[in-house]
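Trainee: Before I rely on the labels attached to this model, I would like to go through several of them with you and see how each one follows from its value.

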Amino acid sequence: MAGSCVGESDGLTFWVAEQKDYDDVMSISVNIYGGNDYLPHRYAGWMTEPDRVVILGRRDGKLVALESGLIVDEGCTVVVEGLRVCPSERGRGVARVIQRFADQYIQQLYPSVRTKRLTKVDDPSAGPTQALSKFTELGRRAALSFIGEADSFEGFVSHLRNKLHSTTGSEPGGSVPQMVLIEDEQHLKNILLDPELPSRVQLPGGAIIQDWQPLQPIEGNLEILARRNLTWLADKPERPSFLSFYTPPYPIPYKGGSLRFNIDMFGTDLVSAKRALAGHLEKVRERREVKGRVMVHVYLNKSLWEGVREFCEGYTGVRRWREYREQLFLERGM
C-alpha cells in the first residue's frame, strides 16, 4: 500500500488520506445523511485545504473509517467533520478508536489546539444523545429543508415575493425593501469583527456556523470564510441585526444526483428572515447556479422556524423535506 502509516491502535492502522483514496472513501459512504453527503464534492478540496487533517482507519488493509479535523480560531480549535465507519464495522467501537487517534495526532501537529468543536443534527423527539454526555452544548438552531426542481424556483421566488407584499402591507407590484448585498471585503470584515455582532444577531455559541462549520468571528477565521465563496445579505449596511449567507450549491448523491443549497441565517426578526430567504433564492436563480433537483436547507433561530415554514408553503412545485430538526453546536476540551 502506497503512503505511510502514521499509527495503529486496537487492530487498526491509521493513514493520512490522499486523493487516490477517494473510491475507498466513497465505498464506506453509501446512503450517509440520507443522500445529502457533502464529501463526494469536497473530498478533493480537503486534500489541499490549509490546516486540514484527514485520517483513514484500515483493518487488514481495508478502509473502515474516516475522520477529519480543520484547525480554526487561530490555532486554538479543531472542528471535527466527516466521521464515518463502514457498515460492517459499525457498533464495534471503531468510531471511538479513530476519534481518539485523530485527537492525539492533531495535537502532535498543532500543539496549540485546546478545544474540539463539532455540529450534529438532533431530533428533539428522540431524547438526549450520547454526544451530549461528552460535550458541552454551546448553541442550537432549527433546520428547515425543502426540495423541488430547478425549473420550479422561478415561480417559487415570485410566490415568496407576493407573500412578502402581504406581510409588509405594500401594494401589489410595489417595492418590498431588499436585503443589502455585502460584497466589499473590507465592509464585510468591519461587520464580522464588530464585538457587538454576536449579541446583536444572536450568533449560536458566539460562532458563525457556515454549512455546519462553527467559526468564531475573529480575524484569523476570515480567510476560511473568504475561500467558501459566500453570498452575504444583511438587513442594513451598518451594524446589521440580521445577517445571512448562502454557500454555492454543490452536487450530492440524493436520488442518483441532486444539488444541495445551504442558507445560514443569524437574527430573530421574522420579516428579515423571509426577505433573506427570497433574496438568496433570487441570487441563485439570477446566477443560474441550480439545475435538476435541488435540496434547500435553511438553518435559523428556533423562534423563526414555524413562521418561515408557513412562508414557504402554498407553492406546488416545492415541498418540505423532513420534519423539524435541530443543529447542535458542541464543544469539549482536548
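Trainee: Which residues of H9 are buried, and what makes this helix largely enclosed by the rest of the structure?

Mentor: In this predicted model, the buried residues of H9 are Trp305, Gly307, Val308, Arg309, Phe311 and Cys312. Helix H9 spans residues 305–312, and because 6 of its 8 residues are buried, it is described as largely enclosed by the rest of the structure. After H9 comes glycine 314, whose phi is positive, near 100°.

Trainee: Why is the pair of tyrosine 22 and tyrosine 43 called edge-to-face?

Mentor: The ring centres of tyrosine 22 and tyrosine 43 are 5.7 Å apart, which is within the 6.5 Å required for a pair. Their planes stand at 65°, and angles over 60 degrees count as edge-to-face, so the label edge-to-face follows for these two rings. The pair links distant parts of the chain, with tyrosine 22 in helix H1 (residues 22–27) and tyrosine 43 in helix H2 (residues 39–48), 21 residues apart.

Trainee: How do you know whether tyrosine 22 is buried, partly exposed or exposed, and what does tyrosine 43 count as?

Mentor: Tyrosine 22 has a relative accessible area of 26%, and since buried means under 20% and exposed means over 50%, tyrosine 22 is partly exposed. Tyrosine 43, at 0% relative accessibility, counts as buried.

Trainee: Why, then, is the pair of tryptophan 232 and phenylalanine 245 given the label tilted?

Mentor: The centres of these two rings are 4.6 Å apart, and the planes of tryptophan 232 and phenylalanine 245 are at 55°. Stacked would need an angle under 30 degrees and edge-to-face one over 60, so the pair is tilted. Here tryptophan 232 belongs to strand S11 (residues 231–234) and phenylalanine 245 to strand S12 (residues 243–252), 13 residues apart, and the pair links distant parts of the chain. Tryptophan 232 counts as buried at 4% relative accessibility, and phenylalanine 245 is buried at 0%.

Trainee: How many aromatic pairs are found in the whole structure, and which residues do ring pairs link into a cluster?

Mentor: A search of the whole structure finds 14 aromatic pairs, and ring pairs link Phe146, Phe153, Phe156 and Tyr315 into a cluster.

Trainee: What makes the charged end of arginine 42 count as sitting over the ring of tyrosine 250?

Mentor: The charged end of arginine 42 lies 4.5 Å from the centre of the tyrosine 250 ring, which satisfies the distance limit of 6 Å. The label also requires a position within 35 degrees of the ring normal, and arginine 42 is reported as sitting over that ring.

Trainee: Is aspartate 264 buried or exposed, and with which side chain does its own side chain make a polar contact?

Mentor: Aspartate 264, found in strand S13 (residues 258–266), has a relative accessible area of 0% and is therefore buried. Its side chain makes a polar contact with the side chain of arginine 141 at 2.6 Å, and the limit for such a contact is 3.5 Å.

Trainee: What lines the largest cavity, and how do its residues divide?

Mentor: The largest cavity has a volume of about 40 Å³, and its lining consists of Phe153, Phe261, Leu281, Val284, Arg285, Val290 and Val294. These residues divide into 6 nonpolar, no polar and 1 charged, and helix H8 (residues 270–286) gives the most to the lining, with 3 residues.

Methods:
Residues are numbered from 1 along each chain as its sequence is written. This is a predicted model: local features need pLDDT of at least 70, side-chain atom pairs count only at pLDDT 80 or more; totals for chains, interfaces and linings use all residues. Side-chain values use heavy atoms; hydrogens and water are left out. On a 1 Å grid over the protein atoms alone, a cavity is a set of points where a 1.4 Å probe fits but cannot get out, and a pocket is an open set with protein on both sides within 12 Å along at least five of seven lines; lining residues have an atom within 4 Å of a point. Grid points are joined across faces, edges and corners, and a volume is the space filled by probe spheres set on the points. Helices (H or I, at least four residues) and strands (E, at least two) are DSSP runs, numbered from the N terminus. Ala, Val, Leu, Ile, Met, Phe, Trp, Tyr, Cys and Pro count as nonpolar, Asp, Glu, Lys and Arg as charged, and the others, Gly among them, as polar. Rings of Phe, Tyr and Trp (its six-membered ring) pair if their centres lie within 6.5 Å; planes under 30 degrees apart count as stacked, over 60 as edge-to-face and the rest as tilted. Buried means under 20% relative accessible area, exposed over 50%, partly exposed in between (1.4 Å probe, protein chains only). A polar contact is a pair of N or O atoms within 3.5 Å; within protein, one must be able to donate a hydrogen and the other to accept it, and residues adjacent in sequence count only if both atoms are side-chain atoms.
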